[in-house]
Amino acid sequence: TRYNLFRTVGNLILPRRSIASLSVDISVWSTINRESLDIAIGNLNAGAPKISIVIPVRNDVRIRLAFESIRTQSVFEDVELIVVDGDSDDDTKQIIELYIDSISTLIAEPDAGIYDAMNKGISAATGEIVGILNADDRYVHERVLEQVLSAFEDSKLDGFYANMAFT
């Protein structure tokens with residue numbers, strides 16, 4: 001089983017098996033290429049499933065906050081970090097270079113917008129759980145991804161909703 005988790009306006013999180021039967025009209029779901037969501041379904045490796053986090057960005061130096069947020073996660077060693085830079089022309093590229101050792105995959109090319117960047121990242125992801133963290137977002141504390149792993153241990157889980165904190 002391969003799972004996808006997405007941070008949308010309401011922070012809705014769903015496993016991959018729920019995508020095909022999704023009937024709720026959510027703008028992010030209606031614009032994400034569903035074919036890219038169904039690729040590379042594989043078996044879980046022994047132990048905890050691998051988490052892939054996609055950071056789509058274009059001209060947003062706040063990406064530093066997203067990087068630091070991911071690097072402080074208790075399960076960071078097991079996270080595949082994918083950055084999709086839509087050809088930034090400000091200091092974003094320099095900040096990405098500062099974190100290059102933490103990045104598993106860097107896709108730096110023009111795109112057709114944030115949802116195109118998300119699709120590129122999802123297509124590159126190899127984790128059993130795939131999440132999106134926008135460049136200007138961050139996790140509330142260092143155990144968020146650990147809690148996500150714990151929540152997905154329940155095989156009957158079809159989705160869950162997480163609160164957002166605005167500062």
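## Exercises on a predicted model

D87 sits in the loop that runs between strand 4 and helix 4. Keep in mind that this is a predicted model. Let's start with that loop residue and work outwards.

**Exercise 1.** Work out what the phi of D87 is and whether D87 is buried, partly exposed or exposed.

*Solution.*
- Step 1: look at the backbone. D87 has a positive phi of about 65°, although it is not a glycine.
- Step 2: ask what you'd normally expect. Most residues other than glycine have a negative phi.
- Step 3: check the surface. The relative accessible area of D87 is 35%. Partly exposed covers the range between 20% and 50%, so D87 counts as partly exposed.

**Exercise 2.** Do the exercise again for N59: find where N59 lies, its phi and its exposure.

*Solution.*
- Step 1: find N59 in the loop between strand 3 and helix 3.
- Step 2: read off the phi, which is positive at about 55°, and N59 isn't a glycine.
- Step 3: with a relative accessible area of 28%, N59 is partly exposed.

**Exercise 3.** Find the buried residues of helix 3, say how they are arranged around the axis, and name some of what covers them.

*Solution.*
- Step 1: go through helix 3 (residues 63-71) and pick out the buried ones: I63, A66, F67, S69 and I70.
- Step 2: look down the axis. These residues cover an arc of only 165°, so they lie on the same side of helix 3.
- Step 3: see what packs over them. The cover includes strand 3 (51-57), strand 4 (79-85) and helix 4 (92-98).

**Exercise 4.** Find how many aromatic pairs the structure holds and work out how the rings are arranged.

*Solution.*
- Step 1: count. There is 1 aromatic pair.
- Step 2: check the geometry. The ring centres of F67 and Y99 are 4.6 Å apart and the planes meet at 25°. Planes under 30 degrees apart count as stacked, so this pair is stacked.
- Step 3: place the partners. F67 belongs to helix 3, while Y99 is in the loop between helix 4 and strand 5, so you're looking at a link between distant parts of the chain, 32 residues apart.
- Step 4: check burial. Both F67 and Y99 are buried.

**Exercise 5.** Describe the surroundings of T105: its strand, its exposure and its contacts.

*Solution.*
- Step 1: T105 is in strand 5 (residues 105-108).
- Step 2: T105 has a relative accessible area of 24%, so T105 is partly exposed.
- Step 3: leaving aside residues up to four places away in sequence, T105 touches L81, I82, V83 and A124.
- Step 4: take A124. T105 and A124 are 19 residues apart in sequence, and their C-alpha atoms are 7.8 Å apart in space.

Technical notes
Residues are numbered from 1 along each chain as its sequence is written. This is a predicted model: local features need pLDDT of at least 70, side-chain atom pairs count only at pLDDT 80 or more; totals for chains, interfaces and linings use all residues. Side-chain values use heavy atoms; hydrogens and water are left out. Helices (H or I, at least four residues) and strands (E, at least two) are DSSP runs, numbered from the N terminus. Buried means under 20% relative accessible area, exposed over 50%, partly exposed in between (1.4 Å probe, protein chains only). Contact means heavy atoms within 4.5 Å. The arc is that of the directions from the helix axis to the C-beta atoms. Rings of Phe, Tyr and Trp (its six-membered ring) pair if their centres lie within 6.5 Å; planes under 30 degrees apart count as stacked, over 60 as edge-to-face and the rest as tilted.
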